[in-house]
Structure formats: C-alpha cells, structure tokens
Amino acid sequence: MNITLMQHSSLEVCAHAIRTCWQSFDNSDDGGEKDKDLINRVGNKFKHASTLEHLTYTFYIAGVSRALLQELARHRMASPSVKSTRYTLKELKDEISFTDGMSAVELTEKYTNKDEVYADKHMVRASKYLVWTDELIVDFSSIVALENLRLALVSGISNDKAKFCLPESYKTELTWTINARSLQNFIALRSAKAALWEIRDLADALYQALPSEHQYLFNDCIAK
Ligand SMILES: Cc1cc2nc3c(=O)[nH]c(=O)nc-3n(C[C@H](O)[C@H](O)[C@H](O)COP(=O)(O)OP(=O)(O)OC[C@H]3O[C@@H](n4cnc5c(N)ncnc54)[C@H](O)[C@@H]3O)c2cc1C
C-alpha cells in the first residue's frame, strides 16, 4: 500500500481552539512544547476530546483491497472519496490473459516454490490490480476472478454489471480526511490483534505518515 499525507492542520490551531475556552491566548508558544502539553492535557487526559477535532488530516491511500475498503467505510467520522469501478474498470480491457486458461488448482500445481509464483510475469502484471495474501490458493483464486472479470469486460458487458464479479482483493484508492479524535479511535481499534491484517498494516502506515510532532497524540492508542 502507498500512503501519502496530503495536508494537515497545525498544532497551533488546536491549541488556539483550547485557549479560546479560557481566553488564554497570551500563553501560546505557536505550536511549541507548551501548546503540545496543553493539547495532550485537555484533549486526552481531561477527555475534552472534541478539541482534537480541530486537527484534521487528509491522506491519499492507494493499493488497498476492497475488503479493507468496506471496513474503512464503517468509520463514520471520516470522509472517503473512493476510486469508482464504474468509471475505471476499462483499465482491464487492454490486458492480455492473466491465467492462460488455467484454474486455481492448475496454477497451484504449475510452480515448485513460492518465490517463482510472485515473480511470474502474469502475477507481476496482476499485482497492479490485486492485493496478495501470500496464501497461494487464495491468490490464484483471485487471479482467476480477475481473468473472469477481464473476459466479461472484453465481451462488452458494461462496467456497472461487470463490477459484480470483482474479487475482494481488487485494489482501490481513496482520499480520506479524518480528525485526530476519530483517528485515535481508528488506530486503537484497527491496530489491535483482532483486526484484519491489512487494516492493521494501514493503521501502522497512517501513524507513520503523520507529522512527527503529531505522533505523540496517538502513541497510547496503538495496541501493544
Ligand atoms: C476487530 C473488529 C471486528 C469487527 N467485526 C465486525 C463485524 O463482524 N461486523 C460488523 O458489522 N462490524 C464489525 N466491526 C466494525 C465495528 O463494529 C465498527 O463499525 C467500526 O470499527 C467503526 O468503529 P466506530 O463506530 O467506533 O467508528 P466511527 O463510525 O468513526 O464512530 C466514531 C465514534 O463516534 C461515536 N458514534 C458514531 N456513530 C454513533 C452512533 N450512531 N451512535 C452513538 N455513537 C456514535 C462512537 O463513539 C464511535 O466510537 C469490527 C471492528 C473491529 C475493530
């Protein structure tokens, strides 16, 4: 997956929002250590967490599966704008076969070791569209589904109908805006061992993409 932080608000804005309550603007140090302590104390320790909503982040998230997307979409306190299969499936029409007519079982029998599999030219081409799980029978089933989708599109079926046979592993991308309060909730829930492995990777990648001076607000949310 590829995560890009496109924009974020400054700590100074959040500190200013907090200081509005007490009209203590004179104590500001323009987003420095004093402001950072204030945000942590009020937003986290005193649970006046709505003040954290003044900190927003916009990420571009690419190369994640639609399986992950449906979990991400459950986080209502965030705004996603997602690549539309309705408009973009034509990207598959110019591709040649991904399977040379083989079934998932036949593909499993074709290789003697795993390294060969993911280096195969068809698998490399398919990785532009699919997230691999590293489980061969699952990934071969995905590539067969991709091939079926490609054949449906080549036969002239409209994107609107063809999209119903997309595998869950099909890659998507989105612009995602979320505030710090909701991102804390997201990271706490989705870094936990019980969460899907791909969304755990996403939670970690989002944390890593944050400006380093903001990360302290999220350190206690990461599941150990
Ligand atoms: C490990 C794991 C397994 C899961 N398994 C399933 C599953 O099997 N099936 C399934 O359907 N979902 C499942 N979920 C999704 C889960 O139920 C939540 O929908 C998802 O995690 C979003 O969390 P949220 O509601 O806290 O986030 P948001 O929607 O972003 O909401 C943020 C916060 O706002 C408040 N809030 C938002 N809306 C309301 C509301 N209507 N009323 C009151 N307060 C509100 C809550 O405090 C909430 O925590 C799973 C999640 C996890 C982490």
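**Group meeting: helices, loops and a ligand shell in a predicted model**

Good morning. I begin with helix α1, residues 11–22, which has twelve residues and reaches 17 Å from its first C-alpha to its last, close to the 16 Å expected at 1.5 Å a residue. Please keep in mind throughout that this is a predicted model.

Four residues of α1 are buried, namely L11, C14, A15 and I18. Seen down the axis of α1, these buried residues fall within an arc of 95 degrees, so they line one face of the helix. Part of what covers them is α2, residues 33–45. Directly after α1 comes Q23, with a positive phi near 55 degrees.

Let me now turn to α2 itself. Which residues of α2 are buried? They are D35, L38, I39, V42 and G43. These residues cover an arc of only 100 degrees around the axis, which puts them on the same side of α2. On the other side of α2, the exposed residues are E33, R41 and K45. The cover over the buried residues of α2 includes α1, just as α2 is among the elements that cover the buried residues of α1.

The loops on either side of α2 deserve a comment on backbone geometry. As background, most residues other than glycine have a negative phi. D30 is not a glycine, yet its phi is positive, about 55 degrees. D30 is found in the loop between α1 and α2. It is exposed, because 11 other C-beta atoms lie within 10 Å, and the cut-off for an exposed residue is 12 or fewer. K47, just after α2, takes a positive phi of about 65 degrees, and K47 is not a glycine either. K47 belongs to the loop between α2 and β2. With 8 other C-beta atoms within 10 Å, K47 is likewise counted as exposed.

Next, a residue that precedes α1. S9 sits in the loop between β1, residues 2–8, and α1. Why does S9 count as partly exposed? The reason is that S9 has 16 C-beta neighbours inside 10 Å, while a buried residue needs 20 or more and an exposed one has 12 or fewer. Leaving aside residues up to four places away in sequence, S9 touches H54, L55 and T56. For the pair S9 and T56, the C-alpha atoms are separated by 5.6 Å, although the two residues are 47 residues apart along the chain.

I move on to the other end of the sequence and helix α11, residues 197–209. At 1.5 Å a residue, its 13 residues should span 18 Å, and the end C-alpha atoms are 18 Å apart, which agrees. The buried residues in α11 are I199, L202, A203 and L206. Viewed down the axis of α11, they fall within an arc of 100 degrees, so they line one face of this helix. Against which elements do they pack? The buried residues of α11 pack against β1, β2 (56–65), α3 and α10 (180–190). The face of α11 turned away from its buried side carries W197 and Q208, both exposed.

The ligand is my next topic. The residues around it are R74, H75, R76, M77, S182, N185, L189, R190, A194 and A195. By class, this shell has four nonpolar, three polar and three charged residues. I single out one of its members, R76. R76 lies in the loop between α3 (66–72) and β3 (78–82). It counts as exposed because it has 7 C-beta neighbours inside 10 Å. R76 is 102 residues away from I178 in sequence, yet the two are 9.7 Å apart in space, C-alpha to C-alpha.

Finally, the protein as a whole. How many helices and strands does it have? There are eleven helices and four strands. The radius of gyration is 22 Å, well over the 17 Å that the globule rule gives for 224 residues, so the protein is more spread out than a compact globule. Along its principal axes, the C-alpha trace spans about 70 × 35 × 25 Å. Of the 224 residues, 26% are buried. Among contacts between residues at least 6 apart in sequence, 72% join residues at least 24 apart. One contact noted earlier is that of S9 with T56.

To close, I return to the helices: in α1, α2 and α11, the buried residues lie on one side of the helix. Thank you for your attention.

Technical notes:
Residues are numbered from 1 along each chain as its sequence is written. This is a predicted model: local features need pLDDT of at least 70, side-chain atom pairs count only at pLDDT 80 or more; totals for chains, interfaces and linings use all residues. Helices (H or I, at least four residues) and strands (E, at least two) are DSSP runs, numbered from the N terminus. The expected span of a helix is 1.5 Å times one less than its number of residues. The arc is that of the directions from the helix axis to the C-beta atoms. Two residues are in contact if their C-beta atoms, placed from the backbone, lie within 7 Å. A residue is near a molecule or strand if its C-beta atom, placed from the backbone, lies within 6 Å of it. Ala, Val, Leu, Ile, Met, Phe, Trp, Tyr, Cys and Pro count as nonpolar, Asp, Glu, Lys and Arg as charged, and the others, Gly among them, as polar. The radius of gyration is taken over C-alpha atoms; the globule rule is 2.2 Å times the number of residues to the power 0.38.
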